[in-house]
Structure formats: structure tokens, C-alpha cells
Amino acid sequence: MGVPGAGSQSAEPLWRAIAVYRFASIGYAVLLVVIHRADYSRLGWAWVVIAVMTAWTVVTTIAYAHPERRTPLLLGADLAVTAGLLLSTAALQYPQAMRHGVMPVTGIWVAGPVLAWAVQYGRRAGVIAALVISGCDFVLRSEAITVVLNGVVLLLLAGVVVGHLARLAAEVETERQHVIQVEAASRERERLARDIHDSVLQVLALVQRQGAEAGGTAAELGRLAGQQEAALRHLVGGASAGTPAASAAGDVDLRALVLPAQSEQITVSVPAHTVRLKKNAADELASAVRAALDNVRRHCGEQARAWVLIEDEPALVTVTIRDDGPGIPDGRLAEAAAAGRLGVSQSICGRLRDLGGSAAIRSMPGEGTEVELRLPRRAGVPVARLPAAG
């Protein structure tokens, strides 16, 4: 059984309402004893039962006020004491009173543990508690079956409805906490964006400008600084927008992980909508993309251009990385793997294989290289491996 209400601030009003209900139901039980006192063969003992009910209500109210005390042991004791007091009616009332449908000495007080179980453990627990109390009532008043059935229906409805409300309250509380966390994270991102804009971006812009003016090696440093400035500005722009990278379900937007790679030489094209993936899968896929782009810079030179395309389909996410470099000679990848250089086989293909996806590499000398990464949305679903050249 789930525990929708346990440890959640959202359930506290329900526990207070149960306490109010139990004290109010004692008042109703007192009224029933007064009205039907002629139906009791042991009226004095009926008042003793009322006193025990009052004392037990005080005990449970104090105990239930502390979430850590709402244990199965305490709730089980509550159910047992309530059932025992209900069954005590057989020794207090005349038999004809029970046959005529006179309420037990406990009255409606018996619904207390049903509500407690429902709030703490959900609808199913509330239904089980209701059936236990209803079974005791049936043993007590089996001859008045219509009255017993009415009580069973009311108790079952109470268990189901209150358990459902407890679950909804817990879900609302969880969503509220998530919204608070997202809002706090957005404010922190905005603060960092302002700080970065006022410091790091200004320095990178200065390095780029002075490097271009100085020429030579400084010009190359200036160009690299310009690339980093463009990528950082894009990242800061996304942070300022306040769009959370992670959803309530723990998914992340793949676009937010890949877009920072965009620069003067790298063009990243993404869908207009978010591309949600499990965080681990998105991180690994983004790492594979970065590894492919590193290979472009390492083997094709800093001036080589690359294009990254993200395609989002209902059952599949495809990322294509294409460059305008000289291409990969036939057999070069196999030679690299045999020599222990595992950049492509592990950093790219290995990552996708571990995720249940595939990586295909197409390359022709003089015509550049294309790397296609295909990741199914459901882990473990095989994807047909495309033919790879070289």
C-alpha cells in the first residue's frame, strides 16, 4: 500500500478534522445513550464505555498530532479498541433493541479509525478498515441487515473518499514544492546570468577584440574567446528565460544540453518544442555529441564547419552531426580501435549501445563525415543499426 499522507504537510488539516470529528461523535454518542437509555440493560456500563471512548480519543488525538507516531502499531491499536468498544454493545443493550436497529453505544464514533487509515495509507487501507468495523457491526446486529448495510456503505464511502482526498492533497503538495524549487532555481540562474554578463562575457569580448587587433597567435586566442562568448551568451540567455531544464518527472530538455556547443563553426538546429529525455540518457547522448564535435576539431582543423540536427519523433530521438572535413579513409576506424584509441568506439558508439540505441558513421574521402545517433525513448528497445562506411 502506498503512503500518500505520511509525512506530508498537506495531510495535517485532515488529521485535525479527524480529531474534531471524533470529539463531536462522542457528543452524539452521549445523546443516543440519553435518548435510548430504556434500551440499555446496563446503563451504568454504557457510561463507562463513553468514558473509555473519550479517554481513547484524547490519547489518539495527541499521538496523531505527531507524524512520526502515526505507525501501523498505533493505527492497528486504534482499530482494535474501536472494534472492541463497538462489540461491547452486545453486553449493554437489550437484544430487542439491536433487532430494532438502535444505534450501538459507540454511535458514529467507530468511523474514526477508518478515516485515520485512509488518510495515512490511502483508499485501500480505508476500505479494509471499513470492512473490519462493518464486520463487527454485522456480528452485533445481523438481524437488522438493512441497517447494517447502510452502515457498511457509509463507512466504505468514507474510506474511499477520504483516502482519495489524502492522495490528491499529497500530489498538490508535491507539485507546490516543485514549483517553489523551480522558482528558486530560476532566480538563482537569473542572478548568475547577471554576474556572468557583467564579468566573464565582458572579458571574453575584450580578449576577442584585442586579439583580432594584435594578429598572429593572439588573433587565434581572440577567435576562440569569441566562440566561447557566443556559446556562453546563448547559455545565459536560456537561463535568463527561466525555463527549467528538468521537469517534475526528472526529465531534461536535450536542447539545453546541446545548444551550448553552437559557435561560428558549429550550427545547431533543434525542434521548436522541448525534447524530453531521462536525465541519464540525455547526458550520455549530449556527451556523445560533444565527442563527435571534438573529433571534428581534432581531425578536421579549427576552420572546419559542423552541423548538428536534433529530430524528435514519438518513439525515437535522432541526432545527426555532419562536417565538411576531408572524411575518414577506409579502415581508419578499425585501425584506431585496434591501436587502443577508443574515442569513436567507446565515447560515441559505446554510449549509444549502453542506452539501447545505435550510432552509425558514414564517410567518404573528400566529402566529410556524418554521424547519426539514434536513441529509442523506451530503454532497451533495439534500433536497427544503419550501414556504416569505413
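This report describes leucine 165 and its surroundings in helix H7, and then helix H8, in a predicted model.

**Leucine 165 and helix H7**

Leucine 165 belongs to helix H7, which runs over residues 145–198. Its relative accessibility is 44%, and because buried means under 20% and exposed over 50%, leucine 165 counts as partly exposed. Along the chain, leucine 165 and alanine 11 are 154 residues apart, while their C-alpha atoms are separated by 9.2 Å. Leucine 165 is also one of the residues of a nonpolar patch on the surface, in which Val153, Leu154, Leu157, Val160, Val161 and Leu168 take part as well, with about 600 Å² of accessible area together.

**Helix H8**

Helix H8 covers residues 200–214, and its 15 residues should span 21 Å at 1.5 Å a residue, which agrees with the 21 Å between its end C-alpha atoms. The residues of H8 can be sorted by their exposure as follows.

| Class in H8 | Residues |
|---|---|
| Buried | Leu201, Leu204, Ala205 and Gly211 |
| Exposed | Glu213 and Ala214 |

The buried residues of H8 are thus Leu201, Leu204, Ala205 and Gly211. They cover an arc of only 135° around the axis, and therefore lie on the same side of H8. An α-helix has 3.6 residues a turn, so residues three or four places apart point the same way. The exposed residues Glu213 and Ala214 are found on the other side of H8. After H8 comes glycine 215, which has a positive phi, near 75°.

Key. Residues are numbered from 1 along each chain as its sequence is written. This is a predicted model: local features need pLDDT of at least 70, side-chain atom pairs count only at pLDDT 80 or more; totals for chains, interfaces and linings use all residues. Side-chain values use heavy atoms; hydrogens and water are left out. Helices (H or I, at least four residues) and strands (E, at least two) are DSSP runs, numbered from the N terminus. Buried means under 20% relative accessible area, exposed over 50%, partly exposed in between (1.4 Å probe, protein chains only). Patches are made of residues with over 30% relative accessible area and no salt bridge: like charges are joined within 9 Å, nonpolar side chains (Val, Leu, Ile, Met, Phe, Trp, Tyr) within 5 Å. Accessible areas come from the Shrake-Rupley method with a 1.4 Å probe; for residues, only the protein chains shown count as cover. A salt bridge is a side-chain nitrogen of Lys or Arg within 4 Å of a carboxyl oxygen of Asp or Glu. The expected span of a helix is 1.5 Å times one less than its number of residues. The arc is that of the directions from the helix axis to the C-beta atoms.
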